[in-house]
Amino acid sequence: MLVSQEVYTRSGALFDQTIYPVNSDKKLIPLKQNKTTAIYGGYSRSKAAYMSIIRLRNKKSETYRIVGIPVRAVNKLNQAKKKSNEKYLAELKTVIEPQIAKTKKDRKTGQRVLVPQEFDVIIPKVMYRQLIVDGDQKFTLGSSTYQYNARQLVLDSESLVTLSKNFIESNSVTSEIKNNRLIKVYDDILDKVNKYFSLYDKNKFRQRLNEGREKFIRLPIDSKFKNNKKIAVGKREILQNILIGLHDNAGTSELKVLGLATPFGKMQTPKGIILSPNACLIYQSPTGLFERKVYLNTISPLK
């Protein structure tokens, strides 16, 4: 079945609602222009309306990176675009510059200062849920820092029967057979993940699933409860959680019993998602029947 994700931009709230105190260890944004964070505290981050793809320039290589464009900057950008493309690009670079600047310690004063980086704007507007293929990784954008898996898991017919309610609740199937069949499902999932889901190398998800096989084997078939409190997680629940984290969407799940500290499927790159020059943006029709592919290495920077 052909499926395409709806892409969109955001408007409304300019910042995350929480206001952090002065002594917070977070990098804060002023509440207002005349209220410094050193006295009044501030917001932890601003809300992004959409994203841009930039190319960082340095002596060694060229790096493509995704950056967020804050909601609070959209009005100025729209006004600049009405005047000319040059003014729009200048304003866009002003918005992006602080996000990619590096901090460096000044040798004379000992204070940390921001050092600008040279960059080009490749694609000025990239929407949420944009589909991207980069090598063997296929994902959509949840933000400039979050990737959502876009590769669908396909299991064999025997695994699908094992996961069905009728099989598990059947009185004609012994517990030993059910247990062995559930282990086979885990192995089927591992086989597909190892072959096709390289995106899950982030946070060592793929490694942890492989290492967690022995832990999975020792689990009971069903979760155990005592006085309405869960005392043991079962194989069936773990498999359901794995499928949630591997689904073609933003879903995440808990797999702490297998040694995964981070919610399974939560793929975050705090400093911004990095793309290779061969990355491809796929623009799809609502039906998924028509699509247009754009490769980053074929796009000239905005001037």
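Start by selecting K235 and the residues around it. Leaving aside its neighbours within four places in sequence, K235 is in contact (heavy atoms within 4.5 Å) with N179, L182, I183, F216, I217, R218, L219, P220 and I221. You'll find K235 in helix α9, residues 235–246. Helices here are DSSP runs of H or I with at least four residues, strands are runs of E with at least two, and both are numbered from the N terminus.

Before you go on, a word on what's on screen: this is a predicted model, where local features need pLDDT of at least 70 and side-chain atom pairs count only at pLDDT 80 or more, while totals for chains, interfaces and linings use all residues. Residues are numbered from 1 along each chain as its sequence is written, and side-chain values use heavy atoms, with hydrogens and water left out.

Stay on K235 for a moment. Which side chain of opposite charge is nearest to K235? That's E214, 10 Å away, and K235 is buried yet has no salt bridge. Charge is counted simply: Lys and Arg are positive, Asp and Glu are negative, and His and the chain ends are not counted. Buried means under 20% relative accessible area, exposed means over 50%, and partly exposed is in between (1.4 Å probe, protein chains only). A salt bridge needs a side-chain nitrogen of Lys or Arg within 4 Å of a carboxyl oxygen of Asp or Glu. Now show the backbone of L219: the side chain of K235 reaches its oxygen at 2.3 Å.

Next, select E214 itself. E214 forms a salt bridge with R213, and their closest N and O atoms are 3.6 Å apart. R213 is partly exposed at 26% relative accessible area, and E214 is partly exposed too, at 45%.

Go back to helix α9 and pick R236. Its side chain meets that of D222 in a salt bridge, 3.1 Å from N to O. This pair links distant parts of the chain: R236 sits in helix α9 and D222 in the loop between α8 (213–217) and β12 (224–226), 14 residues apart. R236 is partly exposed at 29%, and D222 is partly exposed at 33%.

Time to zoom out. The protein has 9 helices and 17 strands. Of its 303 residues, 40% are buried. A search of the whole structure turns up 14 salt bridges.

Now colour β8, β4, β5 and β15. These 4 strands form an open sheet in the order β8-β4-β5-β15, with antiparallel pairing. Two strands count as paired if DSSP finds at least two bridges between them. Which strands stand at the edges? They are β8 (119–126) and β15 (274–275), each with a single partner strand, so one side of each is left without a neighbour in the sheet. Inside the sheet, β4 (residues 48–57) and β5 (residues 62–70) pair in the antiparallel sense over 9 bridges. To see the two strands face to face, select R55, which stands opposite Y64 in β5.

From R55, move to R57. R57 forms a salt bridge with E118, the closest N and O atoms being 3.3 Å apart. R57 is in strand β4 and E118 in the loop between β7 (112–115) and β8, 61 residues apart. R57 is partly exposed at 35%, whereas E118 counts as exposed at 52%. Add R55, E62 and D120 to your selection, and you have a network of salt bridges that links R55, R57, E62, E118 and D120.

Next stop: Q147, in strand β11 (residues 146–149). Is Q147 buried or exposed? Buried, with a relative accessible area of 4%. Leaving aside neighbours within four places in sequence, Q147 is in contact with several residues, including Q137, F139, L199, M267 and I273. Try the C-alpha atoms of Q147 and I273: they are separated by 8.0 Å, although the residues are 126 apart along the chain.

Finish with two backbone oddities. Most residues other than glycine have a negative phi. K204, though, has a positive phi near 60°. Look for K204 in the loop between α6 (175–196) and α7 (205–211), where K204 is partly exposed at 44%. The other is N228, with a positive phi of about 65° although it is not a glycine. N228 lies in the loop between β12 and β13 (229–232), and N228 is exposed, with a relative accessible area of 81%.

Definitions and conventions:
Polar contact = N/O pair within 3.5 Å; in protein donor to acceptor, adjacent residues only side chain to side chain.
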